[in-house]
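Colleague: I am new to this structure and should be grateful for a short introduction to its strands. May I put some questions to you once it is displayed?

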Amino acid sequence: MKKVFKLNFLGRDLTVETGQLAKQTNGSVLVRYGDTVVLSVCVMGKTPVTQDFFPLQVLYQEKLYSVGKIPGGFIKREGRPTDSATLAARLIDRPIRPMFNENLRNEIQVINTVLSVDQDNSPEMAAMFGSSLCLGISDIPFDGPVSGVMVGMDSKGKFIINPTTKEAETSPLALTVAGTKDAICMVEAGCKELPEKTMLEALMFAHENIKMLCDFQNEIISEIGKEKVELEPASIDESVEQMVRQYATKDMLEAIQIKEKLEKYAKIDEVKENTIAHFEEEFALDEDKDKKMKDVSKVVNLIEGNEVRRLIIEKHIRPDGRKMDEIRPLHAEVDLLPRTHGSGLFSRGETQVLATTTLGPLSDHQILDGLGIEDTKRFMLHYNFPNFSVGEIGRYGSPGRREIGHGALGERALLQVMPSEEEFPYTVRVVSEVLESNGSSSQATICSGCLSLMAAGVPIKAPVAGIAMGLISNGKKYTILTDIQGLEDHMGDMDFKVAGTREGITALQMDIKIKGVTKAILKEALDEAKKARMKILDVMEEVISMPRKELSKYAPKVETFTINPDKIKDVIGKGGEMITKIILESSNVKSVNDKDAVKVDIDDDGRVIIYHMDKEVIDKTRQMIENITKEVEIGKIYNAKVVKVEDFGCFVELWPGCEGLVHVSQLDSKRVEKPSDIVSVGDEIVVKSLGFDNKGRLNLSRKDALPKSNEEKETKEKNKEVKTKGLFGKNKK
């Protein structure tokens with residue numbers, strides 16, 4: 001039976017419909033937020049899987065019919081997820097994943113299908129709400145609800161929940177927060193150098209409104225929610241646990257405290273292998289050998305995590321011996337690669353990232369085929385994480401969710417300081433190559449990417465650096481860690497990435513493995529991240545303190561000017577014939593696709609941007625375009641070249657692309673029988689513009705441009721005198 005639930009959420013209707021659609025799932029809801037409509041469903045597999053991880057998959061499916069579009073390309077249907085769809089799926093996955101029982105091993109899929117989009121009402125937030133609610137009303141064990149909101153800011157500094165498209169355009173803050181009724185559990189943000197205090201206020205403001213959405217979900221769950229499936233508790237044989245801990249704890253503790261990453265991990269693996277081999281022999285004749293060996297494997301993994309956490313909370317000892325707020329050794333460098341437009345290398349301990357910057361014409365922008373209002377972007381950051389960076393082998397293919405997510409975070413952090421298109425008319429691509437990784441490669445990407453931008457001469461507003469903060473909590477006490485490494489990230493409770501300039505924050509991302517974090521934890525993490533950021537910026541600025549004034553000699557030079565928009569069609573020509581001619585002639589190439597061909601971008605408002613390595617080619621291209629768009633002034637005298645002679649006159653060229661007719665009657669002050677008696681093809685003559693006829697043809701006069709002889713002047717004076725006398729005589733009568 002269909003049921004409808006409604007909430008007026010800050011002046012907008014949020015409606016939930018259940019019982020009509022997708023009834024064979026474990027749970028389904030249709031969420032309407034304004035005219036945005038999302039179907040969220042969840043399905044659970046019948047039997048547990050054998051893998052020792054939680055098999056959750058969250059999908060966010062963009063249907064282009066939801067915004068009245070037909071997919072681009074040859075195949076007119078949706079294919080692989082866009083980057084925005086992948087990021088939306090991650091946005092939903094991150095807050096709901098910690099809410100599942102750790103013993104759950106059944107496959108779970110949460111699928112969000114975007115059916116209709118109202119750009120002022122976020123489909124991502126509707127999908128997050130729907131994902132939590134469909135799980136909440138289902139029989140799947142889920143310790144929610146979870147809700148999310150977006151936060152913007154107006155010109156007076158007032159926070160706005162779920163800003164409209166117009167409000168978002170001018171907002172210096174784009175913050176997404178998810179949480180339960182009790183705490184915040186996920187943060188994603190981009191902002192224009194906001195102070196830590198303002199960011200903390202925004203986070204708390206978001207959480208107050210999240211509580212309202214969680215209450216609404218709880219009302220629905222209490223009315224129609226199914227009874228949850230009971231899970232078999234994952235018990236470990238106490239005697240086996242005691243034996244394993246006694247055998248392996250000392251060796252594991254020693255392995256954990258080895259400072260060098262690969263040596264540490266190798267020793268940890270050795271301890272695990274030795275432990276398993278020992279108990280294989282110990283339980284060789286035991287009837288319950290298989291179960292006991294599974295317990296051995298679980299316990300030895302627990303020992304690793306327990307000892308890392310115990311050392312940090314109780315002893316304040318980190319695995320590599322650092323203090324809680326200590327950053328690993330830093331190194332920065334630029335210009336490693338001679339032929340790129342800009343390159344930067346940044347290392348933090350055993351994490352090392354090489355970034356390059358490439359400049360191209362605006363026509364190289366990325367085309368976006370998604371549900372948003374933006375259809376192109378001119379700044380891109382791509383993040384690559386090869387297996388060799390962690391000393392492993394593996395499959396190489398298309399970027400995965402993690403690479404897309406980390407690239408988007410780096411792009412968001414640096415975008416806040418990028419110059420406008422008017423200030424810097426280039427498409428800019430930064431590529432991050434992770435060469436070594438022991439935690440926080442996304443923040444090293446931001447640092448190396450910033451170095452490469454400055455080395456390339458991109459006039460960014462200020463240098464940007466990033467740092468990853470961690471958290472270890474036992475429920476009573478907690479410890480904040482600065483610059484977490486891989487083991488601390490894996491065994492810890494929080495990964496809180498903060499990027500910014502000396503003035504403020506430009507990007508945030510927080511993921512946690514516990515149910516939520518408090519205001520006190522967030523404040524301490526933000527304060528410690530700011531201290532660390534200043535130290536990193538000091539190291540970066542020792543290498544390059546500001547963007548270079550000159551671009552690389554291998555980067556395309558640019559010139560911008562404006563033409564009359566009405567003349568754009570003349571520059572382009574029929575079927576692009578004229579612009580093709582300009583490119584080929586000015587560049588001296590045979591194809592517009594030649595690497596040496598000049599690039600010309602023409603906007604609808606008449607702005608022309610020319611790119612080439614050679615300034616002479618740019619100047620020649622500009623002259624050819626200006627010749628086409630230059631307008632003839634009536635009454636002005638021009639130097640012209642005769643290009644054709646006919647019986648009725650001659651055609652002359654004022655400049656390339658501009659021709660006009662000098663009629664035979666306008667060739668000379670005396671009568672001319674044949675134009676060829678006066679001019680020949682190739683002659684240079686002076687002409688005066690007489691204007692255009694009703695067919696738009698330019699008429700010119702040589703006669704009016706010639707200097708007047710004394711005889712002509714006397715004749716004109718006499719004629720004038722005669723006319724004057726005649727006029728007065730007539731008046732007397």
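**Strand pairing and burial**

Modeller: In this predicted model, strand 5 runs parallel to strand 6 (residues 106-116), and seven bridges link the two.

Colleague: Which residue in strand 6 is the bridge partner of Tyr60?

Modeller: Strand 5 covers residues 56-62, and its pairing with strand 6 is parallel. Within that pairing, the partner of Tyr60 in strand 6 is Asn112.

Colleague: At about what angle to strand 5 does helix 1 run?

Modeller: Helix 1 comprises residues 83-96 and lies across both strand 5 and strand 6. Its direction relative to strand 5 is about 145°.

Colleague: Which strands stand at the edges of the open sheet of six strands?

Modeller: The sheet has mixed pairing and the order 1-2-3-4-6-5. Two of its strands have a single partner strand each, so one side of each is left without a neighbour in the sheet. These are strand 1 (3-9) and strand 5.

Colleague: Why is strand 10 largely enclosed by the rest of the structure?

Modeller: Strand 10 (residues 184-194) joins strand 9 (residues 173-179) through seven antiparallel bridges, and it also pairs with strand 21 (residues 505-512) in the antiparallel sense over six bridges. Buried here means under 20% relative accessible area. Strand 10 is largely enclosed because, of its 11 residues, the number buried is nine.

Colleague: Which residue in strand 21 stands opposite Leu194?

Modeller: Strand 10 faces two partners, and on the strand 9 side Thr176 is opposite Glu188. On the strand 21 side, the residue opposite Leu194 is Ile505.

Note on methods. Residues numbered from 1 in each chain as written. Predicted model: local features only at pLDDT ≥ 70, side-chain atom pairs only at ≥ 80, totals over all residues. Heavy atoms only, no water. Buried < 20%, exposed > 50% of the residue type's maximum accessible area, 1.4 Å probe, protein only. Helix = DSSP H or I, 4+ residues; strand = E, 2+ residues; numbered from the N terminus. Pairing = 2+ DSSP bridges. Contact = heavy atoms within 4.5 Å. Axes fitted to C-alpha atoms, helices over the stretch in contact; angles between N-to-C directions.
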